[in-house]
Amino acid sequence: PDDDTAAVNDDASAASSAAAVDKASKNYNIQFVQGVQGDEFYISMQCGIEEEAKRLGVTVKTQGPTKFDPTLQKPIVDSVVSAKPDALLVAPTDVTAMQTSLNQAKAAGIKVVLVDTTVDDPSVAVSAIASDNVGGGKAAFDAIKKLAPQGGKVLAMSVDPGISTTDQRAKGFEDAVKADSKYEYLGVQYSHNDPATASNLISAALQKDPDIVGVFALNLFSAEGTATGIRQSGKTGKVQVIGFDAGPNQVAALRAGTVQALIAQQPAEIGKFGLDAAVAALDGGQVTPKVQTGFTILTKDNIDGDGAKAVYKS
Ligand code: T6T
């Protein structure tokens with residue numbers, strides 16, 4: 001791959017062996033609990049799961065909390081566990097707060113598969129499928145370096161502390177920034193997955209530090225709000241914005257020039273490999289405990305070509 005479409009997949013063999021599952025031995029009852037409803041990343045994941053469910057001949061039901069919030073997700077998981085499905089695919093919204101519910105799922109004999117996010121003790125799951133989130137954070141800094149080679153102040157706009165994916169993205173970004181003396185890391189801010197909050201936080205950050213050269217927005221909703229805040233501050237094009245994820249809004253922002261690059265994950269593959277792992281575990285087959293999926297860097301230059309395939313479904 002060339003520089004702009006660097007698909008990163010450190011564990012390609014694991015990914016392909018995870019996919020090598022045939023028809024299930026019976027029509028298993030499987031539940032998928034998203035991190036939050038209405039998020040194109042999880043919608044695309046659901047599509048990947050449903051397509052694979054048809055191929056394998058199993059039934060999957062999907063639900064999710066109305067906010068990315070463990071106090072709302074925990075009761076959903078607890079009620080799923082009490083209904084005793086054969087397997088549970090879940091994107092836990094907090095590394096600590098969701099642990100007990102998943103321990104209970106395992107204790108009830110339910111095969112747990114972590115999709116996207118993880119928990120403090122992932123041994124509760126038969127498999128964990130996720131992007132290379134640390135690598136994605138590093139890739140975001142590489143993109144800022146290309147767009148603002150002179151160096152300067154950079155900031156990260158996250159969701160909430162305690163989410164494995166965004167914490168790992170922030171870590172990958174922070175370590176890369178700190179290793180380059182031309183750049184100054186202004187730290188991470190938390191938008192609670194609310195675009196309006198992200199927008200306000202960015203506007204305030206730009207008031208305080210008008211010379212910020214780049215912002216890394218760590219998921220769909222932080223990127224949406226970051227783009228708005230930068231536009232409203234009259235800084236479009238002056239501050240480079242790298243967003244994680246590629247929903248329709250983010251692609252529109254890329255085309256409009258309020259965002260300069262997007263790091264597109266592969267949510268449908270995460271879902272597909274997650275279902276394969278669940279069925280393999282149920283049928284006594286070989287289960288790959290950890291699968292890392294790739295990502296694609298989207299810019300204005302590739303979004304109408306190959307990059308278009310990486311855009312999430314809404
Ligand atoms: O970035 C994804 C997901 O990987 C993360 O765990 C939470 O936010 C998203 O769903 C995007 O909104």
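Let me start with Phe173, which is buried, with a relative accessible area of 0%, in what I should say at once is a predicted model. Phe173 lies in helix α6, while Tyr185 lies in strand β7, so the pair these two make ties together parts that are 12 residues apart in sequence. The ring centres of Phe173 and Tyr185 are 6.1 Å apart and the planes stand at 70°, and because an angle over 60 degrees counts as edge-to-face, that is how the pair is classed. Tyr185 is buried as well, at 17% relative accessible area, a value that falls under the 20% cut-off for that term.

This pair belongs to a wider set, since the structure holds 7 aromatic pairs. Another of them joins Phe141 and Tyr183, again edge-to-face, with 5.0 Å from centre to centre and 85° between the planes. Here Phe141 comes from helix α5, residues 133–147, and Tyr183 from strand β7, residues 183–190, so this pair ties together parts that are 42 residues apart in sequence. Are these two residues buried or exposed? Phe141 is buried, with a relative accessible area of 2%, and Tyr183, at 8% relative accessibility, counts as buried too. Ring pairs link Phe141, Phe173, Tyr183 and Tyr185 with Phe216 and Phe244 into a cluster.

For contrast, consider the loop between α6 and β7, where Ala179 is found. Ala179 counts as exposed, with a relative accessibility of 69%. Ala179 and Phe221 are 42 residues apart along the chain, and their C-alpha atoms are separated by 28 Å.

Let me turn now to the nonpolar cores. As background, nonpolar side chains in soluble globular proteins tend to be buried together. In this model the largest nonpolar core has 34 residues, of which Ile30, Met45, Val58, Val60, Leu89, Val115 and Leu275 touch the most other members. Two or more residues of this core come from each of β1 (29–33), α2, β3 (87–90), β4 (111–115), α8 (220–232) and α10 (267–282), and α10 gives the most, with 7 residues. A second, separate core holds 23 residues, and Val177, Val213, Phe216 and Ile242 are included in it. Returning to the largest core, what does Met45 touch, leaving aside its neighbours within four places in sequence? Met45 is in contact with Phe32, Val115 and Asp116, and also with Pro267, Ala268, Ile270 and Gly271.

Finally, there is the question of enclosed space. How many cavities of 30 Å³ or more does a search of the whole structure find? The search finds 1, and about 130 Å³ of space lies in the largest cavity. Its lining is made by 13 residues, and those closest to the centre are Tyr42, Phe68, Asp116, Arg169 and Asn219. By character, the lining divides into 5 nonpolar, 4 polar and 4 charged residues. Helices α2 (40–56) and α6 (164–178) each supply at least two of the lining residues, with α6 giving the most, at 3 residues.

Two elements are worth holding in mind when you look at the model again. Helix α6 carries Phe173 and gives the most to the lining of the largest cavity, whereas α2 is among the elements that give two or more residues to the largest core and also supplies at least two residues of the cavity lining. Asp116, for its part, is one of the residues closest to the cavity centre and is in contact with Met45.

Note on methods:
Residues numbered from 1 in each chain as written. Predicted model: local features only at pLDDT ≥ 70, side-chain atom pairs only at ≥ 80, totals over all residues. Heavy atoms only, no water. 1 Å grid on protein atoms, 1.4 Å probe; cavity = no way out; pocket = protein on both sides within 12 Å on 5 of 7 lines; lining within 4 Å. Points joined across faces, edges and corners; volume = space filled by probe spheres on them. Helix = DSSP H or I, 4+ residues; strand = E, 2+ residues; numbered from the N terminus. Nonpolar A, V, L, I, M, F, W, Y, C, P; charged D, E, K, R; others polar. Core = buried A, V, L, I, M, F, W, Y, C linked by side-chain atoms within 4.5 Å. Buried < 20%, exposed > 50% of the residue type's maximum accessible area, 1.4 Å probe, protein only. Contact = heavy atoms within 4.5 Å. Phe/Tyr/Trp six-rings, centres within 6.5 Å; stacked < 30°, edge-to-face > 60°.
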